[in-house]
Amino acid sequence: MSSIARLTGAAVAAGVVAAAIALPAVGGTGAMFVSASEDLGIKPQELKEPPLAERTMVLDSKGKMIATFYEEYRENVALDKIAEIMKTAIISIEDYRYYEHGPIDIEGTIRALAKNLSSGGIAQGGSSITQQYVKQVLLNSATTTKEKNAALEASYARKLNELRYAMAVEQKYTKDQILEKYLNIAYFGARAYGIEAAAKRFFGVKAADLTLPQAATLAGAVQDPLQTDPSRGKEFRDRLLFRRNVVLDRMAELKKITPEQAAEAKTAKLGYKGTPLPGGCEASDYPYFCMYVRNEILSNPDFGKTKKARTQFLNRGGLEIRTTIDPKMQAAAERAIKKHVHASDNPVASEALVKPGTGEIKAMAASRKYGISKRKNEMSYNVVADAVHGGGTGFQAGSTFKTFTLLTALKQGMKINEGISVGGGYRAPAYWSFKNCKGDNVGDPSFTVTNAEGGGGGFKSLATGTWGSVNTFFMALEQKAGLCNVVKTAKSLGIKRSDGLDLQEYETFTLGINEMDPVTVANAYAAIGARGKYCEPMAITSIKDRDGKVTNYKPKCKQAIDPEVTDAAASILSGVFTKGTMKGVGGIGRPAAGKTGTTDAQSTAWFAGFTPDLAGAVSIGDPRGAVTHKLNNITIGGRYYGSVFGASIPGPIWKDTMLAALKGIPATDFTPVNSSRFGGCGGSCQPRRQEPDRGNRPDGLLDEADIDTTLNH
């Protein structure tokens, strides 16, 4: 009996009511053709082939890979990049007449049908490589459970659908093209998709370099990759070894290799290496920056209209993402932090570096490694960034916020040597002395703000008040400038809470009561270094898609503050190193400016500073709860501190970072102050007195009440 008759008979016996079955041998070299019944409708049907999920690579600014993202670990390769022995092995065991038949192997299908009829179900697949490719495409493109089940169900209806698609595929592609597609889509087990990923995962080699035993192993794995997954244990490795030998026997039977070659290959050990898959952020050398990049894509509509679309774009897109991270600057930040804070310490130090004029994030580092191990004291969230980029609630930024009050006063026309006489304590003159940006009264005359460590008052100019970080001076200055105006200045420089909630607009805003992250603070200070040019934080410079198309991303900037105002502020803030709270730490040998920050009773400490070339912010606090775990009477980095201030740890970290990060980069001077507008040069000038804004207090005096609390040095 002919093959055609046997197949027709088997189909009838299976309950298929038809005169015959149409099976054109499209794409094959055989002359097989069976006339068909239109009732079955077996004719080519176009297969939608969405791009395969492929790994995305993240590169640093120099082009070195720092992380990978993927839904399925896959690296597509051309057929000529796959060892010939691998092609031979897969064809021998899966479809030995692949180059001779069309979309369906008649003989293989007859055998499968006969076996299935005798068993009462689907016992054998009998699928050609083309049909297997179709099945994998349908499975990979399924988006619902129903679609996935339909792609896998054991039914003749699915087989007929696969055949229709297979006929169209063989009309569209050559046999070599189909084989290439199949080898790139197939799952081999151990979380390796496609032949290149499998070769690397199983044996630590490229697909082009596979040996006979290795090729036979991978060819044997595709039949049931879950049951022969070598990563699951000895039982599964033994099954895989058995399957490898089955493939070798089949290759010898088909005379693709000699019996001697098969015997020799069988003596080889399985050789599974379990090469670690390229990891996500936890495995990256720059985990916090990696998290920032990942969350930037997942949260930014520029990369997809929906969260699902953005996730697929990142994990399936086969992208090459070039980023802003600078290896030299990153290393500088890591070394500086490690020098002052140990990974085993409860408080965690974190730092971000940003390039003025671009917003490019050049470094993100922390004293603890990223991970979930409590035993290793790892951080499970992005302590350097805000919640949108994988961070947490952040830490109160302390007196780094005084800079925004200083800028506001300068915007309003105050000169460097003008100031206010203040006492050792400050209370709002009246409940309406401070109004938030909604126009609500937020002044609290019952609350007294004092200077750190009980420091006294007196006349303070913009310069001396800043250098000494005098709380009572900045409260009075904020009252004079207007709370809402100060808030607007801060917002214009990108200031927003780390947790994403609205800024707390209370009278103590200038003392840094809002929780911040180093990226946000560093970027705000970078805008001052860029003479008031604010740029959104930037981590991604370009993305190349799987087809080689490159999309470049430019900084998103605006002129937020008058350049001359920032020149005056930079002049004053540069004195912090020579006459202010950082005097004991010193400068960095080039023009630099900055501000220390310490919160109430040393809950957290900060330093934020900038040059025209680079800005940075450093914070330290206890993630268990900064208010309940203060930085007093504590050992950090092997050194005991009675109290930690901004100049105790954050300032030295910033200094050590900058010295290394800027090494070899020519120093850039700040633009000189417009003295006709802002007066003299701050520290070298005698301040001119200005009467304090006494509001409508009946006695016309500022309070010097008993110390109620110690805030923000």
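A helix here is a DSSP run of H or I that spans at least four residues, and helices are numbered from the N terminus. Keep that handy for these exercises, and remember that you're looking at a predicted model.

**Exercise 1. Find which helix holds K338, and work out whether K338 is buried or exposed.**

Solution. Start with the helix: K338 sits in α14, which covers residues 327–340. Next, take the relative accessible area, which is 67% for K338. Exposed means over 50%, so K338 is exposed. Now look around on the surface: K338 joins K369, R375 and K376 in a patch of positive charge.

**Exercise 2. Name the buried residues of helix α13 and say what covers them.**

Solution. Walk along α13, residues 307–316, and you'll pick out R310, L314, N315 and R316 as the buried ones. Then check their cover: it includes the strands β1 (56–59), β2 (65–69) and β6 (320–323), along with the helices α4 (129–141) and α12 (287–299). Finally, step past the end of the helix: α13 is followed by G318, which has a positive phi near 60°.

**Exercise 3. Decide whether T657 is buried or exposed, and list what it touches beyond its sequence neighbours.**

Solution. First place T657: it belongs to helix α21, residues 650–661. Its relative accessible area is 0%, so T657 is buried. Now skip the neighbours within four places in sequence, and the contacts of T657 are A332, A333, A336, E351 and L353.

**Exercise 4. Place K255 and R531, two non-glycine residues with positive phi, and compare their exposure classes.**

Solution. Most residues other than glycine have a negative phi. K255 goes the other way, with phi near 60°, and R531 has a positive phi of about 60° too. Where are they? K255 is in the loop between α10 (234–253) and α11 (259–266), while R531 is in the loop between α19 (518–529) and β15 (533–535). Now the exposure: K255 comes out at 71%, so K255 is exposed. R531 has 32% relative accessibility and therefore counts as partly exposed.

**Exercise 5. Trace how the salt bridge between R546 and E54 ties the chain together.**

Solution. The closest N and O atoms of R546 and E54 are 3.2 Å apart, which is inside the 4 Å limit for a salt bridge. R546 lies in the loop between β16 (540–544) and β17 (550–552), and E54 in the loop between α1 (3–13) and β1, so the bridge ties together parts 492 residues apart in sequence. On exposure, R546 is partly exposed at 30%, whereas E54 is buried at 15%. This pair is one of 27 salt bridges in the structure.

**Exercise 6. Follow the salt bridge of K200 and E75 into its network.**

Solution. Begin with the pair: the N to O distance between the side chains of K200 and E75 is 2.9 Å. K200 is in helix α8 (residues 195–203) and E75 in the loop between β3 (73–74) and α2 (84–94), so they sit 125 residues apart. K200 is partly exposed at 23%, but E75 is buried at 9%. Widen the view, and R55 and E196 join K200 and E75 in a network of salt bridges.

**Exercise 7. Describe the chain as a whole.**

Solution. Count the elements: 22 helices and 23 strands. Then look at burial: 55% of the 713 residues count as buried. Last, the surface: the chain exposes about 29800 Å², with carbon and sulfur atoms supplying 50% of it.

Note on methods:
Residues are numbered from 1 along each chain as its sequence is written. This is a predicted model: local features need pLDDT of at least 70, side-chain atom pairs count only at pLDDT 80 or more; totals for chains, interfaces and linings use all residues. Side-chain values use heavy atoms; hydrogens and water are left out. Patches are made of residues with over 30% relative accessible area and no salt bridge: like charges are joined within 9 Å, nonpolar side chains (Val, Leu, Ile, Met, Phe, Trp, Tyr) within 5 Å. Accessible areas come from the Shrake-Rupley method with a 1.4 Å probe; for residues, only the protein chains shown count as cover. Lys and Arg count as positive and Asp and Glu as negative; His and the chain ends are not counted. The place of a charge is taken as NZ of Lys, CZ of Arg, CG of Asp or CD of Glu. Helices (H or I, at least four residues) and strands (E, at least two) are DSSP runs, numbered from the N terminus. Buried means under 20% relative accessible area, exposed over 50%, partly exposed in between (1.4 Å probe, protein chains only). Contact means heavy atoms within 4.5 Å.
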